[in-house]
Amino acid sequence: MIRICLFIGLFSFCIGNAQTLFVASNSMDSTNSVVINGYANAFYQGQGLSNEFMNKLIFGGYIDDQLKDQTEQKLLNFGNRLAFGFSTGIKCYVATDRLLNNPNWNFAVNADYIELNSSTYSKDLFHIIFSGNADRIGQNMELGPSYINRIVFQKLGLNLAHKSNNCEFGVSFVKGQSHFALAANQMTLHTESDLSAISLETNTYMQSANKQGNKIGAFNGAGFALNFTYSLPIKVKNHQSSSLSKETVATKEIGTITLQMDNIGAVAWNNSPSTYQIDTTYSYAGYEVDNLFNIDNVNWVDENTISDSILPQPRVSNYWTVLPAVFNLVYVSKLTTSHPLGSVAGARYQLNADMKPMVYGGVNIRLHRKLSTSVIGIVGGYGTITTGIRINYSSNLIRAFASCNNVIGLISKKGYGKNINLGLQCRF
Amino acid sequence: MSIFEVMRKLLCLYFSILLLFFGCRKESTTWDADYALPLIHTKLDIGNLLGDTNLLVHADSSLSLSIQREIYRMDVDSFFETPDTTISQIHKLLTPATLSIGPGFTFISEAEESTYSIAGAELKYFMLKGGVLNYELISYVTGPTIDSIILPCATKAGVEFSEVLYVPTSDGITPAIVAGSVDLNGYEFDLTGSNGLKYNTMTSKASSTIDPAFSSNVTISQADSIRINVSFQDISPARALGYFGNDLIEIPLDSVAIPYMENIVSGSLDIDQVQLDVTIKNGLGVDMQVNIEQLNSLNTTSIVALTHSSIGIPINLTRPMKTGWTVASEIHTESFSNSTSNLDEFLENLPKEMSYSAQLQLNPFGDVNSHGDFFNYEYPLHANINLEVPLCFAANKLTLQDTLPIQIDQDTTNIQSGSIIINAVNNFPLSAEIQAFVLEENGLFTDSIATSTTIEPAVLNLSNEVISSSTSQVILTVNKDQITRLMQTDQLLIKVVFNTANLPSMIKIMDWHDIDLNLNVILNYQHTIN
């Protein structure tokens, strides 16, 4: 974890702003010719899976029986969520007066790398992977409904940004690197009480598009993504009397509501992807011997035979998948010297990511002319209830932030998941 | 510093950090999980163990092991071996004068009788089912001839043997040679000569004619001889008639393997009523005496000779009768039982082989049948042993072992340990202790992957009859090293120690007895993510 924090810190320090629950302004003012935003985000989160467990799973170590038992006790019978992901990107705004023959528009180019692995799984699926079925002889193990989604893609886009309205939209070309999806609506494993057979009853749909491997250079699909951000300043009337006889009415901005939609699009996986539809009951009873003293010289346990009998032949045809689009709606109050305490609230949802809708709310605190912080409570997502914190630094040339959506998880082994977002905005 | 310079430096730093981050090796993630899998299922009755063809099912469902083996078959061909010599006949003009003869003139026409010596036999007739007559004609005649070899004694479907040869011209110094062979399959030979009173005698005719198509006369003298060489090869008689001699035929010491016994390595077996029959089926029409000199039970360490009143004593075999060439073979059986011999001891020696030797005396009293011996290959003489062992016995630590070929091509790196669980539902009135050994690289089975563990016998009543099955679970624990060797070996030695229930009482195996075996494994598998 130290390594990944170090990496994200250094990386985002170099590049810029980030995608986070706290949507920040990307606006340029008239003095800037170029603004570069960079961000980096890394997380893993799952209810029931403690950091002690996840640290060993991700960063190495031996997962002992005690840890497995403790973890399994925290899981729900069905619908446990687990996700881990990493995304990073850079966006460069360039000031111009001639775009669309309208001096109000700037343009920006962006490049992003996004990796998201998400899953919904049953307690029994966790058990068979980490403990096996030896202690469930004579019982059913409900391995489904379970879902796994993995998508890795890069995008390169062009954006139009309105100079004064904090409004921008863009379109990106998406290079699909890797995709795997498994939807096991039903998957029941039964081990006979005398161990004479194990049977698997399943209705599973599986897609895989990793023909060229899943390294960053793999080009397994192509698609598009749209993004849109609109910020609406919230203003209130401010009654001021300039003289005894006349009262002037001015407006005062107290905060901003921002709607952000990112990665609305799809990828066509078109490099000979495989699709499996498995709706069967498979029973394995071992090798049948009819003469103990005259056994043919055969391979008693042949993985290929077993897998061939379970897995049908894949259907090779191109398919589309919807990108894990992010929808963010957030309100952030404006902090001033006279009002150093404000509020923040929002909601977020991500498509096709085994995620529950997330809502959050908290306070903004102005600590210094250049420094502010936010503390929020979060409900939903991949966890249950977590606490988030963000620290902002802002100067004329640099804006930077660091935020975390799971503070307890970040600092404690007993927490569930880790999340860190770092960003930097450089103005030239 | 320009913005492009700044960006260039930032990107360089970025990629440097990426390399640093992903270049770091992390520790492997590992965990253990226990997986239970069925491995082998089998339901074995006694037929699966001993082979259905070796079992006799009696009316009361009891079983007997019946082992039949042919221990001797007489090679009759050897009786009628023709001498491996070539018979050479020279034909030439009878007159010393030199003749000038025209085309179409037959200048040689001779009939002859040849008597063969046939291994002491005096045959009047035989028919061949195989064999070849090879001939070679050597001519010094200075003109082309048409020659014929005729065997009036040999007919096939009523047609006598005749071979016509076209012999080219010789220059009188270098002979013209014509050679060939004739398949004798199906030919019948009358060996009684021209007067019908002889034996082993064949009649033949040879003739030589100047080719009628030749354009001029040929001058012939006694020097212009014709030599005919004849030999027989691979003669195989189908039928024969005559006197076959009074040879003494030795059947040298030989042995026959006893199935299943080779797998018994120790222990004792108390067997109930056993019967061993030596059956001689004789289709050879001769008077004969047989002397079974010895019959031994051979174990690795001990020999038990069968003692019986007929062992070592000549036994007269009745001469079979024939109608036409259909022979009513005579069957002579010498029976050995517990009461008339030491057969009990003979078999409880757990013989892996039975050895034997014997003598056969043909026509011990000479030609008393006036050359009336006969032979038809469809009715041979052969001897069988027939061992019938009722599966009613008492076994005390009777140990069988056998090797099993196995092939489990699996990567066992991640398997830490395991258990082989044998669930047995046993209907046999026998308990079984199982041990398994893996073939080592040195070719020896030294490492037992299983200590002695017992499958209990079925539940018996006071009459030692099975009234219900027993259920046993045998758990064999194996470590990583043993699993690795089990997966990598291609042979497994299985040793099973049998004990019958209620020793020393005997139990009876019935045709419905069986054992249901499930071999399952629980493997402790270490998952590793690098």
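Colleague: Why does Y393(A) count as partly exposed?

Modeller: In this predicted model, Y393(A) has a relative accessibility of 35%. Buried means under 20% and exposed means over 50%, with partly exposed in between, so Y393(A) is partly exposed. The residue is found in strand 19 of chain A, which spans residues 385–394.

Colleague: What makes Y393(A) eligible for a nonpolar patch on the surface?

Modeller: Patches are made of residues with over 30% relative accessible area and no salt bridge, and Tyr is among the nonpolar side chains, which are joined within 5 Å. At 35%, Y393(A) passes the area cut-off. The patch joins Y393(A) with L367(A), L371(A), I391(A), L397(A) and I398(A), and together they have about 520 Å² of accessible area.

Colleague: Why is the pair D65(A) and K68(A) called a salt bridge?

Modeller: The rule asks for a side-chain nitrogen of Lys or Arg within 4 Å of a carboxyl oxygen of Asp or Glu. The closest N and O atoms of D65(A) and K68(A) are 3.1 Å apart, and the pair therefore satisfies the cut-off. Both residues lie in helix 3 of chain A (residues 65–73), 3 residues apart, about one turn of the helix.

Colleague: How do you know whether D65(A) is buried or exposed, or in between?

Modeller: D65(A) has a relative accessible area of 47%. That value lies between the limits of 20% and 50%, so D65(A) is partly exposed. Its partner K68(A) has 2% relative accessibility; buried means under 20%, and K68(A) therefore counts as buried.

Colleague: What makes R150(A) and E115(A) a salt bridge, and where do the two residues lie?

Modeller: Their closest N and O atoms are 3.0 Å apart, which is within the 4 Å limit. The pair links distant parts of the chain, with R150(A) in strand 6 (residues 146–162) and E115(A) in strand 4 (residues 105–121) of chain A, 35 residues apart.

Colleague: Why is E115(A) called buried, and why does R150(A) count as partly exposed?

Modeller: The boundary is 20% relative accessible area. E115(A) has 18% and is therefore buried. R150(A) has 22% and so counts as partly exposed.

Colleague: How do you know that R136(A) and D124(A) meet in a salt bridge?

Modeller: The N to O distance between their side chains is 3.1 Å, within the 4 Å limit. R136(A) lies in the loop between helix 4 (123–130) and strand 5 (140–142) of chain A, and D124(A) in helix 4, so the pair ties together parts that are 12 residues apart in sequence. Both residues are buried, and E72(A) is linked with them in a network of salt bridges.

Colleague: How many salt bridges are there over all chains?

Modeller: By this rule the count comes to 11.

Colleague: What is the secondary structure of chain A, and what is that of chain B?

Modeller: Chain A has 6 helices and 21 strands. Chain B has 4 helices and 37 strands.

Colleague: Which share of residues is buried in chain A, and which in chain B?

Modeller: In chain A, 49% of the 428 residues count as buried. In chain B, buried residues make up 50% of the 530. As for contacts between residues at least 6 apart in sequence, 67% in chain A join residues at least 24 apart; the corresponding value for chain B is 85%.

Note on methods: Residues numbered from 1 in each chain as written. Chains lettered and ligands numbered in written order. Predicted model: local features only at pLDDT ≥ 70, side-chain atom pairs only at ≥ 80, totals over all residues. Heavy atoms only, no water. Patch = residues over 30% accessible without salt bridge, like charges linked within 9 Å, V, L, I, M, F, W, Y side chains within 5 Å. Areas by Shrake-Rupley, 256 points an atom, 1.4 Å probe, with all protein chains shown as cover. Buried < 20%, exposed > 50% of the residue type's maximum accessible area, 1.4 Å probe, protein only. Contact = heavy atoms within 4.5 Å.
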